[in-house]
Every structure is written in C-alpha cells, then in structure tokens.
Amino acid sequence: MSEKELLFYNEYEHFYEMTNRSDAFRMFCKEAFGEDLSQDGFSDINQVNRILDLIPSGKDIHILDIGCGNGKMLGYLQKRTEAFIHGFDYSINAINTAKKLFKTNADFRQGLIGEIDYPTESFDVITSMDSMYFAPDMEKFLLQAMTWLKKDGVMYVCYQEGDVMPKTKNINTTVLARALIKNGISYECKDITKESYELLKKKRETALLYKKDFEDEGNMEWFDLLMMQTDCVTASFDQFSKEMARYQYIIKAAGQVADRHL
Ligand SMILES: C[S@@+](CC[C@H](N)C(=O)[O-])C[C@H]1O[C@@H](n2cnc3c(N)ncnc32)[C@H](O)[C@@H]1O
C-alpha cells in the first residue's frame with residue numbers, strides 16, 4: 001500500500017506506538033471511557049457494551065472489527081463472550097500489538113479499508129467504531145462488508161460527523177445512511193450526539209486531571225492533542241450540535257446479501 005497518500009497514516013502509527021508506552025494515556029482512557037481500550041475518539045464503554053447485546057450466544061461466533069487499532073476492544077468483547085475475534089487496521093504498530101496481546105481464537109491483519117477482503121458469510125457481527133469514513137468509496141465498501149456478514153449477521157457502526165466527515169442535516173442524510181437507503185438496506189439508528197458531547201467534556205476534564213502524568217512522561221503532545229480535540233465542548237450543546245453529530249447504526253444482513261452487485 002502507498003502509505004504516504006493515506007489519510008492520517010503516520011499520525012496513527014505514532015499514536016499506536018505511544019499507546020504501548022504511556023501509563024498516563026492508559027489511566028486517561030480508563031477514567032474517561034470507563035475502560036482502557038486505547039480509544040482514539042468517542043467509543044466509551046456504553047457504546048462498546050451495546051455490541052454485547054448483538055452477539056449471539058453459543059459457540060463458533062465470529063466478530064470482525066474494521067479499523068480495530070490494537071485490538072483491545074475485540075479483546076474486551078472476547079473476554080465476555082468467548083467469540084473468535086478478527087480485526088484489521090492499516091497501522092502495523094497497532095496490528096503488531098494486537099497480535100502480541102491476543103493469541104487465542106484471534107486473527108489480526110494489516111489491511112486497508114476498501115482493499116482487504118474476507119470470504120462471504122464469515123461473521124456474526126461486524127463493528128466499525130469511527131472507521132467507515134476512511135473508505136475511499138463508502139457505498140462500495142458497505143456493500144462489500146455486507147457480503148462478509150452471515151445471513152442473520154449484524155453490523156454495528158458508530159459514526160461521527162464534524163471532523164473527518166462534514167456535518168449533514170440529520171441521521172438519515174449521512175453518507176452512510178444515503179448508501180443504505182439507496183441500496184434498500186434496512187437499519188435502526190439512534191442519535192447519540194448528546195452522549196458524545198458529555199463524553200468529550202469528560203475527556204477534557206480527565207486529560208486535565210492527568211496533565212502532570214503526561215508531562216512527567218514527556219508526552220505533552222498527547223495532552224495538547226486531547227485539549228485540541230475537546231475544545232469544541234467549551235461551547236454550549238446547542239452550538240456544538242450545529243457543527244457535530246454522532247450516530248449509531250445497526251444494520252441487519254438478513255436477505256440483503258444475495259443480490260449485491262459490487
Ligand atoms: C478514529 S480511529 C478509531 C479506532 C478504534 N476503532 C476506536 O474506536 O478507538 C480510526 C482507526 O481506523 C484506522 N484506519 C484509518 N484509515 C484506515 C484505512 N484506510 N484502512 C484501514 N484502517 C484505517 C486507524 O489506524 C484507526 O485505528
């Protein structure tokens with residue numbers, strides 16, 4: 001893959017290298033998100049726990065996480081469900097860590113959204129936490145990912161607007177929603193913008209709490225980044241929600257896979 005042209009590639013390599021050596025960041029994640037899953041973004045433990053409700057009970061359950069980072073969210077899900085976990089990410093630092101941390105019933109691959117492929121009907125659940133929008137063609141990638149779902153499988157997508165993706169009118173006008181509607185794929189969705197606003201506030205307070213730890217480690221660049229990322233919550237929620245939104249989509253595979261044209 002031509003790494004230089006990929007959006008944020010070097011930034012993510014640097015980020016996942018830092019997650020391996022920063023105690024301050026680990027403490028920050030645990031406090032701000034409720035669990036240290038090396039989050040880069042908005043996935044607190046409430047959003048992650050909603051995935052548990054979608055995972056069928058029984059043996060031989062396979063979960064794929066798109067843009068899995070260092071695999072800690074998948075590790076968390078495996079601990080609770082014993083599922084076989086699969087993840088891919090373009091960051092080799094992230095994938096190397098995931099391979100070290102999770103060796104049993106796990107498959108981690110370095111790969112690009114839009115390039116990597118899996119056999120059809122492989123997964124019971126596919127998750128995408130703030131990663132769909134890195135697809136060069138979201139509709140094409142959505143349709144491809146749908147083919148990876150088992151017939152009764154389900155896809156769980158948490159989707160932010162106002163940073164990588166521009167803010168659109170509402171939950172049914174995002175690039176993802178438009179691709180779902182265009183292809184007649186049914187979905188359930190929930191506006192979690194308020195939840196995201198509260199989380200960003202918590203992130204900001206927590207970063208300030210651990211400022212000295214970041215400083216002592218020589219990791220102030222991450223503290224500064226956290227301040228920059230959360231500057232938006234110094235505004236009121238009304239103001240914030242004019243520019244940013246967060247949505248959750250649950251997309252069911254049933255009956256959708258057979259006629260897909262990629
Ligand atoms: C916003 S972060 C979200 C990470 C993690 N899912 C979370 O919720 O904390 C986006 C993730 O997607 C990965 N990523 C970005 N662009 C990608 C691409 N084109 N192909 C594969 N992975 C990509 C990044 O390395 C990063 O792990």
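How many of the 13 residues of S5 are buried? Ten of them are, so strand S5 is largely enclosed by the rest of the structure, where a residue counts as buried if 20 or more other C-beta atoms lie within 10 Å of its own, as exposed if 12 or fewer do, and as partly exposed in between, with C-beta atoms placed from the backbone.

The legends below describe a predicted model, in which local features need pLDDT of at least 70 and side-chain atom pairs count only at pLDDT 80 or more, while totals for chains, interfaces and linings use all residues. Residues are numbered from 1 along each chain as its sequence is written.

**View 1. The open sheet of seven strands and its edges.** The strands follow the order S3-S2-S1-S4-S5-S7-S6, with mixed pairing; strands (E, at least two residues) and helices (H or I, at least four residues) are DSSP runs numbered from the N terminus, and two strands pair if DSSP finds at least two bridges between them. Strand S3 (106-110) and strand S6 (187-191) stand at the edges, each with a single partner strand, so one side of each is left without a neighbour in the sheet. From one strand to the next, the twist averages 15°. Helix H5 (residues 92-101) packs on the sheet, where it touches strand S2 (84-89) and S3, and its direction makes about 165° with that of S3; axes are lines fitted to C-alpha atoms, for helices over the stretch in contact, and angles run from 0 to 180 degrees between N-to-C directions.

**View 2. Parallel and antiparallel pairings within the sheet.** Strands of a sheet pair through backbone hydrogen bonds, either parallel or antiparallel. S4 and S5 pair in the parallel sense over six bridges, and Ser 128 stands opposite Val 157 in S5. S6 and strand S7 (residues 245-252), in contrast, run antiparallel and are joined by five bridges, with Glu 188 opposite Ile 250 in S7.

**View 3. The buried face of helix H2.** In helix H2 (residues 23-33), the buried residues are Ala 24, Phe 25, Phe 28, Cys 29, Ala 32 and Phe 33. Seen down the axis of H2, these buried residues fall within an arc of 135°, so they line one face of the helix; the arc is that of the directions from the helix axis to the C-beta atoms. Their cover includes helix H1 (9-21), H3, helix H8 (193-209), helix H9 (211-217) and helix H10 (220-229). Just after H2, Gly 34 takes a positive phi of about 90°.

**View 4. The contact of H1 with H5.** Two packed helices are described by the angle between their axes and the distance between the axes. The axes of H1 and H5 come within 7 Å and cross at roughly 35°. Glu 13, Tyr 16, Glu 17 and Asn 20 of H1 make the contact with Asn 93, Ala 94 and Thr 97 of H5, two residues being in contact if their C-beta atoms, placed from the backbone, lie within 7 Å. By class, the residues of this contact divide into two nonpolar, three polar and two charged; Ala, Val, Leu, Ile, Met, Phe, Trp, Tyr, Cys and Pro count as nonpolar, Asp, Glu, Lys and Arg as charged, and the others, Gly among them, as polar.

**View 5. Two aspartates with positive phi.** Most residues other than glycine have a negative phi. Phi of Asp 60 is nevertheless near 60°, in the loop between helix H3 (45-52) and strand S1 (62-66), and Asp 60 is exposed, with 9 other C-beta atoms within 10 Å. Asp 130 likewise has a positive phi, of about 55°, and lies in the loop between strand S4 (123-129) and helix H6 (138-148); with 21 C-beta neighbours inside 10 Å, Asp 130 counts as buried.

**View 6. Ile 171 and Val 164 in the loop between S5 and H7.** This loop runs between strand S5 (149-161) and helix H7 (175-182). Ile 171 is buried, with 21 other C-beta atoms within 10 Å, and, leaving aside its neighbours within four places in sequence, Ile 171 is in contact with Ala 177, Cys 189, Asp 191 and Tyr 247. Val 164 counts as partly exposed, with 13 C-beta neighbours inside 10 Å. The C-alpha atoms of Val 164 and Asp 130, 34 residues apart along the chain, are separated by 9.4 Å.
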